[in-house]
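Subject: Structure handover

Hello,

Here is the structure I promised to pass on. Please open it first, then read the notes below it.

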Amino acid sequence: MNRNPAVVPRSSLTRGEFLRLGAGLTGAALLGAAGCGVRGAGQGGGGGGGGDEFTIRLSHVVTADDPKGKASQKFKEVLEKSTEGRITVEIYPNSELYGDEDEIQAVQSGGVEMIAPASSKLTDIARQLLVLDLPFIVDDTSEVPDLISRDSTVGKGIYTNKDLADNNIKVMGLWDNGLYQITSNKAVRKPDDLRGQRIRITPSDAIQAYWNKWGAKTTPMAFAEVFTALQQGVVDGEFNTYSNIESQRFYEVQKYITISDHGYLTYVLAMNNKFFNSLPDDLQQAVVEAVDEASAYNREIADTVNQEARKVIEEAGTSEIIELSSEDRQAFKDAVVPSIWNQFADDIGQDIIDELLARKS
Ligand code: LMR
């Protein structure tokens with residue numbers, strides 16, 4: 001898999017150039033300076049006429065070859081074709097424009113039109129999304145489509161989430177990556193092996209709670225900083241999907257990868273709601289259809305991308321892969337299910353927790 005950004009937007013700057021240029025400027029102001037964003041009279045203007053042209057800037061933090069990067073590219077291709085150029089999609093991968101620290105603010109304020117963060121990164125705004133961070137929410141990726149479909153209990157709570165809507169965020173789709181594995185410099189075979197280890201987490205109270213229950217110390221950290229933090233020993237380990245472990249080269253600076261399959265990484269494809277509403281009806285429809293096509297594609301490829309990444313990691317031989325027996329995995333699970341699920345019932349909804357627990361019994 002290619003680790004370098006394969007998709008470089010026409011008018012983008014590198015992250016380094018961006019940061020050097022950026023002293024004192026906000027991201028949105030800088031986008032203006034870089035000549036991105038507004039085309040024609042319609043952008044953000046509230047319902048422009050049929051001839052207007054629009055640019056959707058889609059910012060994300062992974063490479064172009066990860067499940068999210070590939071789905072973003074598909075979205076661009078489909079939408080630019082179906083709108084015959086009335087909408088241009090500019091993709092900014094690899095945190096090169098906005099990273100975890102500022103992308104959510106950027107989509108709310110119109111610094112970009114779209115982002116696709118891990119659901120955990122939105123839990124500060126919308127506590128109900130903590131549901132997707134529950135440990136062992138699925139045991140296998142085949143359970144995911146039902147779990148998060150638009151009309152499932154969990155799906156409805158996300159697609160129609162009031163906290164997100166109140167924050168000018170429209171949920172366009174949910175994208176897959178895959179199951180979480182644990183990377184570390186110490187062999188992890190049982191929860192107790194994590195005792196005292198400093199683990200980088202994505203910012204989510206539910207994620208923090210289960211790692212603490214396993215005995216680990218947690219450090220929330222932006223994705224772009226994780227490789228260096230692992231390399232320099234600022235943290236001892238982290239958890240991620242094979243595709244992220246591979247494309248970020250975490251496997252080169254971690255001695256062990258434990259196949260824990262202990263959670264699922266879902267992305268919320270989020271759009272600036274005012275921008276969406278400013279599009280003429282036919283372009284709104286085209287955006288929805290392009291999202292649906294890109295989402296279907298994303299689901300089709302996510303498992304394969306992860307399995308290919310696992311192969312690359314295995315072939316590199318720089319880290320030992322630890323397979324857990326079903327009893328070993330069960331020990332991780334028993335330590336946090338259902339206790340962590342119940343701990344967040346007030347945020348997620350007791351009815352949803354009950355339904356999820358019933359699915360598992
Ligand atoms: C992470 O921060 O580890 C992931 O959520 C990054 C991503 O977007 O896949």
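How many bridges join strand 1 (residues 54-59) to strand 2, and do these strands run parallel or antiparallel? There are six bridges, and the two strands run parallel. One pair to look at is Ile-56, which stands opposite Val-89 in strand 2. Please keep in mind that this is a predicted model.

**The five-stranded sheet**

Strands 1 and 2 belong to an open sheet of five strands. The order is 2-1-3-10-4, and the pairing is mixed. Strand 2 (87-92) and strand 4 (169-179) are the edge strands, each pairing on one side only. Helix 3 (residues 67-82) packs on this sheet. Helix 3 touches strand 1, strand 2, strand 3 (114-115), strand 4 and strand 10. The direction of helix 3 makes about 165 degrees with that of strand 2. Helix 12 also lies across strand 1, strand 2, strand 3, strand 4 and strand 10. Helix 12 runs at about 10 degrees to strand 4.

**The six-stranded sheet**

Another open sheet has six strands, in the order 7-6-8-5-9-11. Its pairing is mixed. Strand 7 (217-220) and strand 11 (320-323) stand at the edges. Each has a single partner strand, so one side of each is left without a neighbour in the sheet. On average, neighbouring strands here are turned by 25 degrees against each other, direction ignored. Helix 12 (residues 281-316) packs on this sheet, where it touches strand 9 and strand 11. Its direction makes about 125 degrees with that of strand 11. Inside the sheet, strand 5 (residues 181-184) and strand 9 (residues 256-259) run antiparallel, joined by three bridges. Ile-182 stands opposite Thr-258 in strand 9.

**Cavities and a pocket**

The structure holds three cavities of 30 Å³ or more. The largest has about 90 Å³ of space. Its lining is made of 14 residues. Nearest its centre lie Ala-118, Lys-121, Asn-240, Asn-244 and Leu-265. By class, the lining has eight nonpolar, three polar and three charged residues. Strand 8 (237-240) and strand 10 (264-272) each supply at least two of the lining residues.

Where does the largest cavity lie with respect to domain 1 and domain 2? Domain 1 (12-41 + 50-118 + 155-175 + 267-302) and domain 2 (181-264 + 307-360) both give residues to its lining, so the cavity lies between them.

The second largest pocket has about 220 Å³ of space. Its lining counts 15 residues, with Asp-100, Ile-104, Lys-121, Asp-124 and Pro-203 nearest the centre. Six of the lining residues are nonpolar, three polar and six charged. Domain 1 and domain 2 each give at least three residues to this lining. Lys-121 is named for the largest cavity and again for this pocket.

**Backbone points to check**

Most residues other than glycine have a negative phi, and most peptide bonds are trans. A few places here depart from that. Asn-94 has a positive phi, near 55 degrees. Ser-95 also has a positive phi, near 55 degrees. Asn-94 sits in the loop between strand 2 and helix 4 (103-109), and Ser-95 is in the loop between strand 2 and helix 4 too. A cis peptide bond joins Val-337 and Pro-338, with omega about 10 degrees. Pro-338 lies in the loop between helix 13 (326-336) and helix 14 (339-343).

Best wishes

Notes
Residues are numbered from 1 along each chain as its sequence is written. This is a predicted model: local features need pLDDT of at least 70, side-chain atom pairs count only at pLDDT 80 or more; totals for chains, interfaces and linings use all residues. Side-chain values use heavy atoms; hydrogens and water are left out. On a 1 Å grid over the protein atoms alone, a cavity is a set of points where a 1.4 Å probe fits but cannot get out, and a pocket is an open set with protein on both sides within 12 Å along at least five of seven lines; lining residues have an atom within 4 Å of a point. Grid points are joined across faces, edges and corners, and a volume is the space filled by probe spheres set on the points. Helices (H or I, at least four residues) and strands (E, at least two) are DSSP runs, numbered from the N terminus. Ala, Val, Leu, Ile, Met, Phe, Trp, Tyr, Cys and Pro count as nonpolar, Asp, Glu, Lys and Arg as charged, and the others, Gly among them, as polar. Domain bounds come from an automatic or database domain assignment. Two strands pair if DSSP finds at least two bridges between them. Axes are lines fitted to C-alpha atoms, for helices over the stretch in contact, and angles run from 0 to 180 degrees between N-to-C directions. Contact means heavy atoms within 4.5 Å.
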